[in-house]
Amino acid sequence: MRWVTLLLTLIVSMNSAVALASPLENGIKKASEGDFKTAVELLEPLAEKGNSDAQYNLGAIYYSGRLGVANPAKAIKLFNTAAEAGHVEAAHNLGYIFYMGAGAKQDLTLAFKWFSQAANAGHIESQVSLATLYVNGQGVTKDISKAAYWFERAAEKDNMQAAYNLGIIFSSGEGVEKDYQKAKKWLLHVAEKGHVNAQFYLGNLYLNGRGEKANPIVAKQWYKKAANAGHAEAQYAIAMLDFIGIDGQPDYEAALAMFHKSANGWDRNAQYYLGHQYYYGLGVKKEVMEAYKWFDLAAANGHSDAHYMRSIVAHHLTEKQVDTAHKNALEWFDSNHDNPHKHYDLKPHSH
């Protein structure tokens with residue numbers, strides 16, 4: 001399961017009021033205008049007097065290096081002082097800094113402390129980050145039920161990644177009671193807003209009949225949404241539904257087209273089935289050398305059965321044809337390697 005990446009927000013606060021009178025407001029205004037030297041001159045006296053907003057914004061300036069050289073140690077000291085006084089954004093930033101080891105030695109216990117403080121104060125990103133720490137057992141004992149609690153708090157405030165992760169948790173039943181209806185509720189919430197992975201996962205739930213009777217037609221609808229966004233696994237799922245024929249009638253030509261899209265995203269299963277279609281002439285003219293190429297690519301991409309099929313295909317080719325098909329695979333490999341894709345155990349062709 002892939003969890004949300006923690007993000008640091010160190011953007012100097014801005015006040016939209018036209019007339020700014022106080023030194024704090026003037027300091028923030030100067031920072032927003034890019035005059036960080038004047039901003040520091042205005043904010044430092046306030047920070048020394050214990051103004052947590054001034055401490056936070058001053059810390060953001062020092063941390064970001066807007067004065068020319070970053071000073072994370074000074075920034076952390078300012079964030080710490082502000083956070084101890086209850087400043088939520090400062091606490092969140094400290095959580096990130098200690099989680100990432102960005103400007104200070106990584107300390108997951110401190111990351112947990114500061115994310116907890118900000119999360120309890122209602123900071124959405126900290127709630128997601130805290131849930132992530134519980135999922136991974138970082139700085140705290142792993143506890144999926146507590147992770148679900150914090151993901152739900154963030155999801156209720158419309159955080160899409162939290163809602164997606166919550167859907168995955170309820171679907172898996174790890175640390176919580178398995179509940180496909182809750183899983184679908186949260187996945188639908190974000191899938192309808194365009195969350196591609198949620199769309200794909202919903203397709204899986206409907207296809208496999210999780211929580212209700214299997215519905216391949218609805219599954220295909222969700223797969224299509226994800227596929228249109230370039231999700232290679234969703235493209236493969238659609239291709240398989242066409243290849244098998246959910247109404248009992250395979251559509252090999254449609255499957256071929258979608259397998260190609262998925263294969264271009266480096267889905268090894270799609271590459272493997274392209275080999276089948278070209279070898280047996282399903283929805284396309286039989287082309288044994290093209291079949292070898294796709295089995296070769298799938299094998300290099302870690303598909304164990306592709307090795308076997310490639311050897312079968314090789315018996316129908318001359319040594320020269322095998323060499324040519326292998327070179328075609330290499331050319332495809334080189335020309336498509338920059339396409340967005342996930343790595344399995346990719347390796348250059350050497351066999």
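User: In this predicted model, which backbone atom lies 3.1 Å from a polar atom of the side chain of glutamine 277?

Analyst: A polar contact is read from a pair of N or O atoms within 3.5 Å. Here the partner is the backbone oxygen of tyrosine 252, which lies 3.1 Å from a polar atom of the glutamine 277 side chain.

User: Where does glutamine 277 lie, and is glutamine 277 buried or exposed?

Analyst: Glutamine 277 belongs to helix α15, which covers residues 268–280. Burial is read from the relative accessible area, with under 20% counting as buried; glutamine 277 has a value of 0%, and is therefore buried. Leaving aside residues up to four places away in sequence, glutamine 277 touches Phe243, Tyr252, Ala255, Leu256, Phe259, Leu282 and Val284, so that Tyr252, whose backbone oxygen was described above, is also one of the residues on this list.

User: How should I read the packing of helix α2 and helix α3, and at what angle do they pack?

Analyst: Two packed helices are described by the angle between their axes and by the distance between those axes. In this structure, helix α2 (residues 36–48) and helix α3 (residues 52–64) pack at an angle of about 140°, with their axes 9 Å apart. That angle makes α2 oblique to α3, and the crossing of the two helices is left-handed.

User: Which residues make the contact of α2 and α3, and how do they divide by class?

Analyst: From α2 the contact draws on Phe36, Ala39, Val40, Leu43, Glu44, Leu46 and Ala47, while α3 contributes Ala54, Gln55, Asn57, Leu58, Ile61 and Tyr62. By class, the contact of α2 with α3 has ten nonpolar residues, two polar and one charged.

User: What can be said of histidine 87, which is in a loop?

Analyst: Histidine 87 has its place in the loop between α4 (72–84) and α5 (88–100), and its relative accessible area of 11% means that histidine 87 is buried. Not counting residues up to four places away in sequence, histidine 87 touches Ser52, Asp53, Tyr56 and Ala82. A separation in sequence can also be set beside one in space: histidine 87 and glutamine 117 are 30 residues apart in sequence and 9.5 Å apart from C-alpha to C-alpha.

User: Which side chain does a polar contact of 2.7 Å join to that of aspartate 296?

Analyst: The partner is the side chain of histidine 326, joined to that of aspartate 296 by a polar contact of 2.7 Å. Aspartate 296 is placed in helix α16 (residues 288–300), and aspartate 296 counts as buried because its relative accessible area is 0%.

Note on methods:
Residues numbered from 1 in each chain as written. Predicted model: local features only at pLDDT ≥ 70, side-chain atom pairs only at ≥ 80, totals over all residues. Heavy atoms only, no water. Helix = DSSP H or I, 4+ residues; strand = E, 2+ residues; numbered from the N terminus. Buried < 20%, exposed > 50% of the residue type's maximum accessible area, 1.4 Å probe, protein only. Polar contact = N/O pair within 3.5 Å; in protein donor to acceptor, adjacent residues only side chain to side chain. Contact = heavy atoms within 4.5 Å. Axes fitted to C-alpha atoms, helices over the stretch in contact; angles between N-to-C directions. Parallel < 35°, antiparallel > 145°, perpendicular 65-115°, else oblique. Left-handed = near helix turned anticlockwise from the far one by under 90°. Nonpolar A, V, L, I, M, F, W, Y, C, P; charged D, E, K, R; others polar.
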